[in-house]
Amino acid sequence: MAISSYYRSIRESVGHSLLMIPSVAAVIRSDDKRILVQQQHNDKWSLPAGAIEPGERPSEAIVREVLEETGLHVRPPTSPWGCRWNLLPSDLCKWR
């Protein structure tokens with residue numbers, strides 16, 4: 001989804017003024033330490049990322065964004081700082 005109806009309504013209200021939108025990004029690393037990036041429509045490269053929707057926790061947003069943008073299933077981190085993510089299931093999510 002490019003922009004949710006919630007953020008679209010805010011944009012319509014404030015015009016072109018700066019919006020500070022809470023968002024998430026995932027760093028997905030393969031076993032051999034390569035980082036997964038994706039090529040955007042404008043030929044630039046980025047991490048899987050997106051806005052946190054109202055009522056959504058950051059951990060829920062990152063699971064949703066990674067699935068929407070890459071098709072990979074991830075689970076929320078086990079550490080309290082949210083710095084460790086695991087692909088599910090690891091044998092099906094290998095990439096080269």
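## Contacts along the chain

Let's begin with how the chain meets itself. Among contacts in the protein chain with a separation of 6 or more, 36% are between residues 24 or more positions apart. Keep in mind as you look around that this is a predicted model.

## The overall plan

What are the building blocks here? The protein chain has two helices and six strands. Reading from the N terminus, you will meet these elements in the order α-β-β-β-β-α-β-β.

The protein chain has 96 residues, and 22% of them are buried. Its accessible surface comes to about 7,200 Å². Carbon and sulfur atoms account for 56% of that surface.

## Inside: the nonpolar core

Now look inside. The largest nonpolar core is made of 10 residues: V24, A26, I28, L36, I52, A61, I62, V66, L72 and V74. Which element gives the most to this core? It is α2, with three residues.

## Outside: a nonpolar patch

Nonpolar residues also appear on the surface. V27, I35, V37 and W45 form a nonpolar patch there, and together they have about 400 Å² of accessible area.

Take V27 as an example from this patch. You can find V27 in the loop between β1 (23-25) and β2 (38-39). Is V27 buried or exposed? Its relative accessible area is 59%, so V27 counts as exposed, the cut-off being over 50%.

## A closer look at E56

E56 is a good residue to explore by hand. It is in the loop between β4 (49-51) and α2 (58-70). With a relative accessible area of 18%, E56 falls under the 20% cut-off and therefore counts as buried.

What does E56 touch? Setting aside neighbours within four places in sequence, E56 is in contact with A51, A61 and R64. A61 is also one of the residues of the largest nonpolar core.

The side chain of E56 has polar partners too. One of its polar atoms lies 2.9 Å from the backbone nitrogen of E53. The side chain of E56 also makes a polar contact with the side chain of R64, at 2.8 Å.

## Salt bridges

Side chains of opposite charge can pair when their charged atoms come close. How many salt bridges does the structure hold? There are five.

One of them joins the side chains of R64 and E56, with 2.8 Å from N to O. R64 has a relative accessibility of 22%, so R64 counts as partly exposed, whereas E56 is buried at 18%. The side chain of R64 also meets that of E65 in a salt bridge, again with 2.8 Å from N to O. E65 is buried, with a relative accessible area of 6%.

These residues belong to a wider arrangement: E56, R64, E65 and E68 are linked in a network of salt bridges. Try finding R64 in the structure and then tracing its salt bridges to E56 and E65.

Another salt bridge is formed by the side chains of R57 and E60, with 3.0 Å from N to O. R57 is exposed, with a relative accessible area of 53%. E60 is partly exposed, with a relative accessible area of 33%.

Note on methods:
Residues numbered from 1 in each chain as written. Predicted model: local features only at pLDDT ≥ 70, side-chain atom pairs only at ≥ 80, totals over all residues. Heavy atoms only, no water. Patch = residues over 30% accessible without salt bridge, like charges linked within 9 Å, V, L, I, M, F, W, Y side chains within 5 Å. Areas by Shrake-Rupley, 256 points an atom, 1.4 Å probe, with all protein chains shown as cover. Salt bridge = Lys/Arg side-chain N within 4 Å of Asp/Glu carboxyl O. Helix = DSSP H or I, 4+ residues; strand = E, 2+ residues; numbered from the N terminus. Buried < 20%, exposed > 50% of the residue type's maximum accessible area, 1.4 Å probe, protein only. Polar contact = N/O pair within 3.5 Å; in protein donor to acceptor, adjacent residues only side chain to side chain. Contact = heavy atoms within 4.5 Å. Core = buried A, V, L, I, M, F, W, Y, C linked by side-chain atoms within 4.5 Å.
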